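Open the model in your viewer and keep the selection panel within reach. This tour goes stop by stop, from the whole chain down to single side chains.

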Amino acid sequence: MSKLATLSLRLVERLEELGLITEEAEEYAEDVEENLVEALEDFYSAAEDFLANDYGDWREPENADKLGDKISLLLRRVDRLSDGFDFLGDVATHAMNAAKRG
């Protein structure tokens, strides 16, 4: 597991230990725990695959299609990764609000 995923999960765990994960934020915490690690792994895989491929003259139709498919996959992985961090941001926002309420 990457350092980024490990750190993110530890942050959620610590907020839970402090009692700052409210009922309304529990779903976001679960989404971080369930999806972030997998999203990171999928992103790494897509990025490594993209970087490892030789697209030749990408202006040629078959190479352009291959390149377009790889970029499309990479973008889907980035979007999914972004969603995972959005959930982490939601957890942190709810925790901050809970801490302010005391």
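Contact, on this tour, means heavy atoms within 4.5 Å. Keep that cut-off set in your viewer. You are looking at a predicted model.

**Stop 1: the whole chain**

Select everything and color by secondary structure. The chain has 3 helices and 0 strands, in the order α-α-α from the N terminus. Its radius of gyration is 18 Å, well over the 13 Å that the globule rule gives for 102 residues, so the chain is more spread out than a compact globule. Align the view to the principal axes: the C-alpha trace spans about 60 × 20 × 15 Å.

Now switch on the surface. About 6,800 Å² is exposed, and carbon and sulfur atoms supply 51% of that area. Of the 102 residues, 29% count as buried. For a contact map, take pairs at least 6 apart in sequence: 67% of those contacts join residues at least 24 apart.

**Stop 2: confidence**

Recolor by pLDDT. The chain averages 92, and 99% of the residues score at least 70. Which element has the lowest mean, and which the highest? Helix 2 is lowest at 90, and helix 3 is highest at 94.

**Stop 3: helix 3**

Select residues 61–101. This is helix 3, with 41 residues. From first C-alpha to last it reaches 59 Å, close to the 60 Å expected at 1.5 Å a residue. Just after the helix comes Gly-102, whose phi is positive, near 80 degrees.

Next, show the buried side of the helix. Select Asn-63, Leu-67, Leu-74, Leu-81, Gly-84, Leu-88, Val-91, His-94, Ala-95 and Ala-98; these are its buried residues. An α-helix has 3.6 residues a turn, so residues three or four places apart point the same way. Add 3–17 and 23–52 to the selection: the buried residues of helix 3 pack against helix 1 and helix 2 there.

**Stop 4: Leu-81**

Center on Leu-81, in helix 3. Is Leu-81 buried or exposed? Its relative accessibility is 12%, so Leu-81 counts as buried, the cut-off being under 20%. Leave aside neighbors within four places in sequence, and its contacts are Leu-36, Ala-39, Leu-40 and Phe-43. Then draw a C-alpha to C-alpha distance from Leu-81 to Glu-38. It reads 8.8 Å, across 43 residues of sequence.

**Stop 5: His-94**

Move along helix 3 to His-94. Why does His-94 count as buried? Its relative accessible area is 18%, and the cut-off is under 20%. Which residues touch His-94, leaving aside those within four places in sequence? Select Leu-20, Thr-22, Glu-24, Ala-25 and Tyr-28.

**Stop 6: aromatic pairs**

Show the rings. With ring centers within 6.5 Å as the criterion, the count comes to 3 aromatic pairs. Visit two of them.

Phe-43 and Tyr-44 make a tilted pair, 6.2 Å centre to centre, with 55 degrees between the planes. Phe-43 is partly exposed at 22% relative accessible area. Tyr-44 is also partly exposed, at 35%.

Go on to Phe-50 and Tyr-55. The ring centers are 5.5 Å apart and the planes meet at 35 degrees, so this pair is tilted. Phe-50 is partly exposed, with a relative accessible area of 22%. Tyr-55 is buried, at 10%. The tour ends here.

Notes: Residues numbered from 1 in each chain as written. Heavy atoms only, no water. Helix = DSSP H or I, 4+ residues; strand = E, 2+ residues; numbered from the N terminus. Expected span 1.5 Å × (residues − 1). Buried < 20%, exposed > 50% of the residue type's maximum accessible area, 1.4 Å probe, protein only. pLDDT = per-residue confidence, 0-100. Phe/Tyr/Trp six-rings, centres within 6.5 Å; stacked < 30°, edge-to-face > 60°. Rg over C-alpha atoms; globule rule 2.2 N^0.38 Å. Areas by Shrake-Rupley, 256 points an atom, 1.4 Å probe, with all protein chains shown as cover.
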